[in-house]
Amino acid sequence: MLAETICSAVSAAGLGIAAITAYRKRFVSAARIAAYSLVPLGLVMTGAVDWIADTAFSPVAWAGFGVLGLAWVLFLSTRAVERRRGGRKETTGGAGPGAVAPAASSPSRAVTAKPQAGATAGEDFSDIEAILKKHGI
């Protein structure tokens, strides 16, 4: 009962301030103040204030918040462990479906780039030298 009275008084005071602000020709600010001042009244009318008051003094509700917090911490810790492992799945020994042979763990480097037969180091830079000379560098 006390919470409803306080919320109604806050709303009335806010609407009064909004009226004064509108009288001063600051209509956008007055509308914003009126919107903020109607929130406590709306909470009282929907019953949210009663629910909050009942929840604040209920040990069962606080235990429920504790369980939700524990679930949240467990969820975040498992995600952190999953990220640290890089998404790898554990195998329980033996060759599972995700097992990789030791030799195949690194890629082979058999293919190497070979220079063209007629190209030398001087010919590679001749195009660049021509461009630089053209620009006076």
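The secondary structure of the chain consists of six helices and zero strands, and from the N terminus on the elements follow the order α-α-α-α-α-α. The model is predicted. Of the 137 residues in the chain, 9% count as buried. The accessible surface amounts to about 11900 Å², and carbon and sulfur atoms contribute 67% of that area. Among contacts in the chain with a separation of 6 or more, 40% are accounted for by residues 24 or more positions apart.

At the N-terminal end of the fold, helix α1 spans residues 2-23 and helix α2 spans residues 27-46. The loop between α1 and α2 contains K25. The backbone of K25 has a phi near 65°, a positive value in a residue other than glycine. With a relative accessible area of 65%, K25 is exposed, the cut-off for this class being over 50%.

Two segments of the chain carry an annotation in the database record. The unreviewed UniProt entry lists residues 35-53 and 59-81 under "transmembrane region". In the model, residues 35-53 are 95% helix and 0% strand, and the C-alpha atoms at the ends of this span are 23 Å apart. The other listed span, residues 59-81, is 100% helix and 0% strand. Its end C-alpha atoms lie 33 Å apart.

Helix α4 comprises 27 residues, from 59 to 85. The distance from the first C-alpha of α4 to the last is 39 Å, close to the 39 Å expected at 1.5 Å a residue. Just after α4, G86 adopts a positive phi of about 80°.

A nonpolar patch on the surface is formed by W72, V73, F75 and L76. Together, these four residues present about 430 Å² of accessible area. One of the patch residues, W72, is located in helix α4. An α-helix has 3.6 residues a turn, so residues three or four places apart point the same way. W72 itself is exposed, because its relative accessible area of 57% lies over the 50% cut-off for that class.

Taken together, the predicted model is described by helices without strands. The annotated span 59-81 is helical throughout, at 100% helix, while the annotated span 35-53 is 95% helix. Exposed positions include K25 in the loop between α1 and α2 and W72 in helix α4.

Note on methods. Residues numbered from 1 in each chain as written. Predicted model: local features only at pLDDT ≥ 70, side-chain atom pairs only at ≥ 80, totals over all residues. Heavy atoms only, no water. UniProt positions renumbered as here; feature names shortened; annotations may be inferred. Helix = DSSP H or I, 4+ residues; strand = E, 2+ residues; numbered from the N terminus. Expected span 1.5 Å × (residues − 1). Buried < 20%, exposed > 50% of the residue type's maximum accessible area, 1.4 Å probe, protein only. Contact = heavy atoms within 4.5 Å. Areas by Shrake-Rupley, 256 points an atom, 1.4 Å probe, with all protein chains shown as cover. Patch = residues over 30% accessible without salt bridge, like charges linked within 9 Å, V, L, I, M, F, W, Y side chains within 5 Å. Salt bridge = Lys/Arg side-chain N within 4 Å of Asp/Glu carboxyl O.
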